[in-house]
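Work through the exercises below with the sequence and the structure open. Try each task before reading its solution.

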Amino acid sequence: MLLRQATMVDLPQIESIIRDGRELLAAQEIDQWQGAYPSTSVLVDDIHQGWTVVLEENNEILGTAAIIPGEDPTYKQIEGQWLTKQAPYLAIHRVAVSSHHHGRGLAGELFNRLFEQIDQAADIESIRIDTHPQNMAMQHVIKKNGFTETGTIDLAAVDMPGTKDFAYERVTANVKPEHVLHTVTTK
């Protein structure tokens, strides 16, 4: 398996994986991704920005995520407390794996490969992610991969006011002690 940056050639497979994820969430009666989000324009913008990564095996995309640098507007306000303060972080959004390969631990594999790359970046001190309160499968994957639940965020910054997601953070190997608000261990 290979983790690589996505190109526009990958868009049809990424859209298919996102569509499968939307259908799975709907079948579980989880109100996440049930509207237009994430739209094709969001996915195209992610690719153009260089944010989308794909997990690939034998020319088939098995999983995808958007890895976004900089301050995420949805993470400015939290009911709770982040593990770090004023530390450079990456936000992970739009994580999905192929429905044709469920049960293979692909989300964990995607995260592990991301962590290997992120831990090489001396200027990234943590990783933040969020998910819907009813999305128990994603919560399990997030926690299993070393993230700590930090509180809830409101998705008003992405035009979904009143929608609250569970927020998580994981420090990297390069976290500076002066940026840590809680005692945490790095993986």
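**Exercise 1.** Is Asn-59 buried or exposed?

*Solution.* The model is a predicted one. Step one is to look up the relative accessible area of Asn-59, which is 66%. Step two is to apply the cut-off: exposed means over 50%. Asn-59 is therefore exposed. Step three is to place the residue: Asn-59 sits in the loop between β2 and β3. Its phi is positive, about 65°, although Asn-59 is not a glycine.

**Exercise 2.** Where is Gln-86 found, and what is its relative accessible area?

*Solution.* Gln-86 belongs to the loop between β4 (79-80) and β5. Its relative accessible area is 70%, so Gln-86 is exposed. Gln-86 is not a glycine, yet it has a positive phi of about 55°.

**Exercise 3.** Which peptide bond, ending at Pro-38, is cis?

*Solution.* The bond runs from Tyr-37 to Pro-38, with omega near -10°. To find it in the model, go to the loop between α1 and α2, where Pro-38 lies.

**Exercise 4.** How many residues does the largest nonpolar core have, and which element gives the largest share?

*Solution.* Start from a general tendency: in soluble globular proteins, nonpolar side chains tend to be buried together. Here the largest nonpolar core has 25 residues. Those with the most contacts inside it include Ile-92, Leu-110, Phe-111 and Phe-147. At least two core residues come from each of β2 (52-57), β3 (60-69), β5 (89-97), α3 (106-118), β6 (126-131) and α4 (136-144). The largest share, seven residues, is supplied by α3. Next, take Ile-92 and set aside its neighbours within four places in sequence. Among the residues in contact with Ile-92 are then Ala-65, Tyr-75, Phe-111, Leu-114, Ile-129 and Phe-147. Apart from the largest core lies another core, of 14 residues, including Ala-6, Ile-14, Val-54 and Ala-96.

**Exercise 5.** How many of the residues of β6 are buried, and which lie on each side?

*Solution.* A rule helps here: in a regular strand the side chains alternate between the two faces of the sheet. In β6, Ser-126, Arg-128 and Asp-130 are on one side, and Ile-127, Ile-129 and Thr-131 are on the other. Both faces are covered, and six of the six residues of β6 are buried. Now find the neighbouring strand: β5 pairs with β6 in the parallel sense over four bridges. One bridge links Leu-90 to its partner in β6, Ile-127.

**Exercise 6.** How do the residues that line the second largest pocket divide into nonpolar, polar and charged?

*Solution.* First locate the pocket, which has a volume of about 170 Å³. Its lining includes Gln-5, Trp-51, Ile-67, Leu-90, Leu-114 and Ile-124. With three residues, α3 gives the most to this lining. The count is eight nonpolar, three polar and no charged residues.

**Exercise 7.** How many cavities of 30 Å³ or more does a search of the whole structure find, and which residues line the largest cavity?

*Solution.* Rolling a probe the size of a water molecule over the atoms shows where empty space is left. The search finds one cavity of 30 Å³ or more. About 50 Å³ of space lies in the largest cavity. Ile-14, Ile-18, Leu-43, Asp-46, Ile-47, Thr-52, Thr-64, Ala-65, Ala-66 and Arg-94 form its lining. At least two of the lining residues come from each of α1 (11-27), α2 (40-49) and β3. Sorted by type, the lining has six nonpolar, two polar and two charged residues.

Note on methods
Residues numbered from 1 in each chain as written. Predicted model: local features only at pLDDT ≥ 70, side-chain atom pairs only at ≥ 80, totals over all residues. Heavy atoms only, no water. Core = buried A, V, L, I, M, F, W, Y, C linked by side-chain atoms within 4.5 Å. Buried < 20%, exposed > 50% of the residue type's maximum accessible area, 1.4 Å probe, protein only. Contact = heavy atoms within 4.5 Å. 1 Å grid on protein atoms, 1.4 Å probe; cavity = no way out; pocket = protein on both sides within 12 Å on 5 of 7 lines; lining within 4 Å. Points joined across faces, edges and corners; volume = space filled by probe spheres on them. Nonpolar A, V, L, I, M, F, W, Y, C, P; charged D, E, K, R; others polar. Pairing = 2+ DSSP bridges.
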